[in-house]
Amino acid sequence: MEKIEEQQKYINEIKELNKNNENLKYCILTMGCQLNENDSEKLCGMLEEMGYTKTDNFEDANIALFNTCCVRENAEDKLFGKLGELKRIKEKNGTIIAIGGCMMQEQHIIDKIKHSYPFVDVIFGTHTLYRFPEDLFKALQNKEKVKDVIDIDGEVFEGLPIKRDSKIKASVTIMYGCNNFCTYCIVPYVRGRERSRKPKDIINEVKELAKEGYKEITLLGQNVNSYLRVEREKNIEFEEYEGVNSFATLLRAINKIDGIERIRFVSPHPKDFTDDVIVAIADCDKVCKLIHLPLQSGNTKVLKEMNRKYTKEQYLNLVDKMKSRIPNLTLSTDIIVGFPGETDEEFEDTLDVVRKVKFEQVYMFIYSRRVGTPGDRMPNQVPEEIKHERFNKLKELVESQIEENNQKYVGTVQKVLVEGKSKNNPNMLTGRTDSNKVVIFEGNNDLINKIIDLKIESEHMWYLKGCLIGG
Ligand code: 5AD
Ligand code: SF4
């Protein structure tokens, strides 16, 4: 807590520095997953307290901020492309450039920035996000180049300011880091070991959000269903609060909070999907019945090489068990194609699982070599064109299933949380079903932020069209 108070001092110092300058702006680019988005909301919270307001245009910004991801290579290309562009803007406007997040935990990236982009002012890592005010202050006050990256697991900090993107849906990080070391994945190296937030801090945050009028909460972690597992296994003392000592009990406690109407979570690991969690999902009316269950591959040998710790059959059995115990369950998933050594036959197993499970949504990824991971050192890398062929094949199957699945919605009545005006058509409102499908419909603005019944009239691949009942 002391450390956060110290940062509050730097926030105030920067505010003081900026006091004669009213129109200060920041622009932030966030890459990657919802955890990064949640971190960005904290960075925005700090910047707003310092007196900066948000702009979507780097040209107008005094502070240009990047929150990076390194899960796949394309994020790197995006960052370096943007930095090239920013060099010109900085020369003209004197923009302060700060880069944080996962990519900054990789030495080869830091080296590249130092060598090719020496004009970057602040570099901070995943464990030092809370120190952003101090780092920025040093860059502003002393005009120094600041690099603040540490390798040890960061502590869990509470009480950072936060500026949320939405007034209806909020994400709440429940644990940091990952202990699983899937062989393709860089996350354990850049986010450190698993550590959970205290039950009390999470519950109080959600209660606060409910008071502010938030309706939907997404619980975040690299491995949410092992919430408090390390603490339990290693007998690390933690304070139970409202009976919370596991992920299942956390779901139950949040389900009781008045005002919150929907609870989602990402991502669980199939190997840790214990029965108590399945029963809790079935029991808790607010927990959405769309569960994200990352498959990665449908082939047992590839799964073993990936260090996923389940087989094709175990995954399918888990799905059957979940479907039998949770009425109206639908599933979404992540799949990687072209992991080293994957043969055409082994890839067929992935298609087979997709055909069998009929996912509501599939996030598809082409395997991307990550420096420092075992996958990168495997000798039998799959050629790019084969990876793309497999990706296209999977995409075709997934899209045909989406169309078929969408048909099932037509004519039904769905509970929709209305989020606001549709971006593409301002005369329409947009919302989401429990299963996270976008529905657009005609209605009054006073429906925004409410859960309403809509009759689904037609499907359009990426969204459904609905109408008010009796309207
Ligand atoms: N290459 C491609 N996809 C990856 N993912 C993680 N690491 C890699 C990689 N090296 C995918 C996984 C994970 C999702 C967040 O990103 O499917 O579930
Ligand atoms: Fe990466 Fe596997 Fe951890 Fe997920 S569970 S963050 S894929 S190592």
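## Overall form

With 471 residues, a compact globule would have a radius of gyration near 23 Å; the protein has 23 Å, and therefore agrees with that expectation. The structure described here is a predicted model. Along its principal axes, the C-alpha trace spans about 60 × 60 × 50 Å. The secondary structure comprises 15 helices and 19 strands.

Of the 471 residues in the protein, 55% are buried. The exposed surface of the protein comes to about 21500 Å², and carbon and sulfur atoms supply 47% of this area. Contacts across the sequence are also informative. Among contacts between residues at least 6 apart in sequence, 73% join residues at least 24 apart.

## The surroundings of ligand 1

Ligand 1 is surrounded by Val-71, Arg-72, Tyr-184, Gln-296, Asp-334, Ile-336, Phe-365, Ile-366, Tyr-367, Ser-368 and Arg-370. By class, this shell has six nonpolar, two polar and three charged residues. Two strands, S13 (330–337) and S14 (361–366), each supply at least two residues of the shell.

Particular atom pairs can be identified between the protein and ligand 1. A polar side-chain atom of Arg-72 lies 2.8 Å from an oxygen atom of the ligand. Backbone atoms take part as well: a backbone N or O atom of Tyr-184 lies 2.9 Å from a nitrogen atom of ligand 1, and a backbone N or O atom of Ser-368 lies 2.8 Å from a nitrogen atom of ligand 1. Taken alone, ligand 1 exposes 400 Å², of which the protein buries 85%.

## The surroundings of ligand 2

The shell around ligand 2 consists of Cys-178, Asn-180, Phe-181, Cys-182, Tyr-184, Cys-185, Val-187, Pro-188, Gln-222, His-269 and Arg-308. These residues divide into seven nonpolar, three polar and one charged. Tyr-184 belongs to this shell and is also listed among the residues around ligand 1.

## Histidine 292 and strand S12

His-292 is found in strand S12, which covers residues 290–292. Its relative accessibility is 8%, and His-292 therefore counts as buried, since the cut-off for a buried residue is under 20%.

The side chain of His-292 takes part in two polar contacts described here. One is with the side chain of Ser-332, at 2.9 Å; another, of 3.1 Å, joins the side chains of His-292 and Asp-334. Asp-334 is also one of the residues surrounding ligand 1. Leaving aside neighbours within four places in sequence, His-292 is in contact with Val-266, Ser-267, Pro-268, Ser-332, Thr-333, Asp-334 and Tyr-363.

## Helix H7 and the loop before it

Arg-197 lies in the loop between strand S9 (195–196) and helix H7. Although arginine is classed as charged, Arg-197 has a relative accessibility of 5% and so counts as buried. The side chain of Arg-197 makes a polar contact of 2.8 Å with the side chain of Glu-205. Not counting residues up to four places away in sequence, Arg-197 touches Val-156, Glu-158, Val-172, Thr-173, Ile-174, Met-175, Tyr-176, Ile-202, Glu-205 and Tyr-227.

Leu-209 lies within helix H7 itself, which runs over residues 199–212. At 3% relative accessibility, Leu-209 is therefore buried. Leu-209 touches Arg-164, Ala-170, Val-172, Tyr-214 and Ile-217, when residues up to four places away in sequence are not counted. Val-172 is thus touched by Leu-209 and is also touched by Arg-197. Leu-209 and Ser-171 are 38 residues apart in sequence, and their C-alpha atoms are 9.9 Å apart in space.

## Helix H5 and its packing

Helix H5 (residues 132–142) is mostly covered, with eight of its eleven residues buried. The buried residues are Phe-132, Pro-133, Glu-134, Asp-135, Leu-136, Phe-137, Ala-139 and Leu-140. This list includes Glu-134 and Asp-135, whose residue types are classed as charged.

Which elements do the buried residues of H5 pack against? They pack against two helices, H1 (2–17) and H2 (34–50), and against strands S3 (63–68), S4 (96–101), S5 (122–124) and S6 (146–148). The residue that follows H5 is Lys-143, which has a positive phi, near 55 degrees.

Terms used: Residues are numbered from 1 along each chain as its sequence is written. Chains are lettered from A and ligands numbered from 1 in the order in which they are written. This is a predicted model: local features need pLDDT of at least 70, side-chain atom pairs count only at pLDDT 80 or more; totals for chains, interfaces and linings use all residues. Side-chain values use heavy atoms; hydrogens and water are left out. Helices (H or I, at least four residues) and strands (E, at least two) are DSSP runs, numbered from the N terminus. Buried means under 20% relative accessible area, exposed over 50%, partly exposed in between (1.4 Å probe, protein chains only). Contact means heavy atoms within 4.5 Å. A residue is near a molecule or strand if one of its heavy atoms lies within 4 Å of it. A polar contact is a pair of N or O atoms within 3.5 Å; within protein, one must be able to donate a hydrogen and the other to accept it, and residues adjacent in sequence count only if both atoms are side-chain atoms. Accessible areas come from the Shrake-Rupley method with a 1.4 Å probe; for residues, only the protein chains shown count as cover. The radius of gyration is taken over C-alpha atoms; the globule rule is 2.2 Å times the number of residues to the power 0.38.
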